[in-house]
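Here's a quick briefing to read with the model open beside you. Take it topic by topic and follow along in the viewer.

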Amino acid sequence: MRRRDMSEIHPVLVIGGGPAGLKASADLAELGYDVVLVEKLGQLGGAPIRWGYKTLAPELRPTEEVMGPLIEYVEGNGNVRVMKNSVVEGATGGLGDFTVTVRNLMNGATESLKASAIIVATGFEHFDAKVDPRYGYGRNPDVIGIHELEGMLKEGRVVKRNGDPPKRIAFIFCVGSRDKSTNLWCCTVCCGVSIKQAIELKHLLKDADIYMIYMDIRTFGLWEKLYWKSMEEYGINYIRGRVGEIYAIGDKLLVKGEDTLVRGPFEVLFDMVVLAVGMEPGSGTAQVARALNLKVNEFGFLEPRHPNIHHDSGRDGIYLAGACVAPMSVEEALAEGSAAAMQVAKALRRLQRAVVK
Ligand SMILES: Cc1cc2nc3c(=O)[nH]c(=O)nc-3n(C[C@H](O)[C@H](O)[C@H](O)COP(=O)(O)OP(=O)(O)OC[C@H]3O[C@@H](n4cnc5c(N)ncnc54)[C@H](O)[C@@H]3O)c2cc1C
């Protein structure tokens, strides 16, 4: 009769190397657990690194300051094995003794691994605005998404297709969010992110006129300060309205819509239109849900056993974290990664304490 020591505990499998998965991996490694981190892309960091976010709202802190140390810690930690360009194809067993198949997407090779527990942190994908033809996204290169603007801001060069800096810029909020014809839910961060970007644009293009065409402003908690700052310090304009159609007229964009405060139509010419595209569960989360037989809700997000306890997947030994459960900010995704790691550590401690023959 004895108790298991640490060396008898299989590694914890973390799926998804964004903020949530990285934080879960780092916390577990720090507690002394071995971790296998499976990421389908060739780089870690999730959306903030993939799309080159310049800064993170609400503090406008450079993204690398938040994500850099986490990525370095995980990649340099002897307890973490990082498997990039890979996906999990299936898992059998349960807490303490999963057998997992991982496929390398580059060469097709599969590997069978043992895992003690699994954390799913597969995040989100951007709403594809091509689905909604009224915006002309994909047809007119001067209509871009907020994720594309992030990359331009990071490069310090925001220009139109013809190379000129835009003078009049419109942001259209809730594209692919809060709309029964596309996605019903609120992406929670897109208002704040758009306002952050408008402020950054004013630093880059001092003479630009910026108009925010919004349904409601949902800058929750401390993110609200960005909203006030944008008006009081940067002179950014707000129009409460809905856009019906965008037409290309020469090298300008005519935005037609309805002002829902004064209850009248508007038609305004802009040089560039930025669509605040929402967050969707995406194909990565659908793939892992199929592979691990996890429940998804009506929108395709992973459905926890209890709606207000995100980390509990409802399957013994499998935990959830981050934007694969619901749209959220980086700070929330990091907190969820830590919370899932804590649940795994608790479960594995119980396993270690149990007496084995
Ligand atoms: C344009 C934009 C700007 C934003 N700016 C801010 C901001 O300024 N401040 C802020 O707090 N939040 C911001 N956010 C929100 C932020 O991006 C998310 O909160 C955060 O990325 C969620 O982290 P995550 O780890 O849950 O998911 P993700 O960042 O999506 O990471 C998930 C990872 O899992 C991988 N993956 C997916 N499927 C699989 C699979 N099947 N197998 C293996 N790996 C898989 C993905 O490749 C990815 O690396 C912004 C969002 C958008 C859309």
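**K40 and its surroundings**

Leaving aside residues up to four places away in sequence, K40 touches N85, S86, V87, L105, E125, S283 and G284. Keep in mind that this is a predicted model. With that said, here's what else there is to see around K40 and beyond.

- K40 sits in the loop that runs between β3 (35-38) and α2 (46-50).
- Its relative accessibility is 33%, so K40 counts as partly exposed.
- For a longer-range marker, take W223: it is 183 residues from K40 along the chain, and the two C-alpha atoms are 31 Å apart.

**Helix α1 against α3**

- Helix α1 (residues 19-30) packs on helix α3 (residues 63-76) at an angle of about 50°, and the axes are 9 Å apart.
- Angles outside the parallel, antiparallel and perpendicular ranges count as oblique, and α1 and α3 are therefore oblique to each other.
- The handedness of the α1 and α3 crossing is left-handed.
- On the α1 side you'll find P19, L22, K23, S25, A26, A29 and E30, and they meet M67, L70, I71, Y73 and V74 of α3.
- Sorted by class, that contact of α1 with α3 has nine nonpolar residues, one polar and two charged.

**Helix α1 against α8**

- α1 also packs on helix α8 (residues 330-353), here at about 40° with the axes 7 Å apart.
- That angle makes α1 oblique to α8.
- The crossing of α1 and α8 is right-handed.
- From α1, the residues P19, A20, K23, A24, D27 and L28 meet V330, A333, L334, G337, S338, A341, V344 and A345 in α8.
- By class, the contact of α1 with α8 comes to ten nonpolar, two polar and two charged residues.
- P19 and K23 are worth a click, since they appear in the contact with α3 and in the contact with α8.

**Helix α7 and what follows**

- Which residues of helix α7 (residues 282-292) are buried? They are G284, T285, V288, A289, A291 and L292.
- Those buried residues cover an arc of only 165° around the axis, which puts them on the same side of α7.
- Their cover includes β2 (12-15), β7 (86-94), β10 (117-120), β11 (125-126) and β20 (318-320).
- G284, one of the buried residues of α7, is also among the residues that K40 touches.
- Right after α7 comes N293, with a positive phi near 55°.
- N293 belongs to the loop between α7 and β20, and at a relative accessible area of 63% N293 is exposed.

**Backbone oddities elsewhere**

- The peptide bond from A57 to P58 is cis, with omega near 5°.
- P58 itself lies in the loop between β4 (55-56) and β5 (61-62).
- T188 isn't a glycine, yet its phi is positive, at about 70°.
- Look for T188 in the loop between β13 (168-175) and α5 (190-204).
- T188 has a relative accessible area of 25%, so T188 is partly exposed.

**E224**

- E224 lies in helix α6 (residues 224-232).
- Is E224 buried or exposed? Its relative accessibility is 28%, so E224 counts as partly exposed.
- The C-alpha atoms of E224 and I195 are 9.9 Å apart, with their positions 29 residues apart along the chain.

Notes: Residues numbered from 1 in each chain as written. Predicted model: local features only at pLDDT ≥ 70, side-chain atom pairs only at ≥ 80, totals over all residues. Heavy atoms only, no water. Axes fitted to C-alpha atoms, helices over the stretch in contact; angles between N-to-C directions. Helix = DSSP H or I, 4+ residues; strand = E, 2+ residues; numbered from the N terminus. Parallel < 35°, antiparallel > 145°, perpendicular 65-115°, else oblique. Left-handed = near helix turned anticlockwise from the far one by under 90°. Contact = heavy atoms within 4.5 Å. Nonpolar A, V, L, I, M, F, W, Y, C, P; charged D, E, K, R; others polar. Buried < 20%, exposed > 50% of the residue type's maximum accessible area, 1.4 Å probe, protein only. Arc of directions from axis to C-beta.
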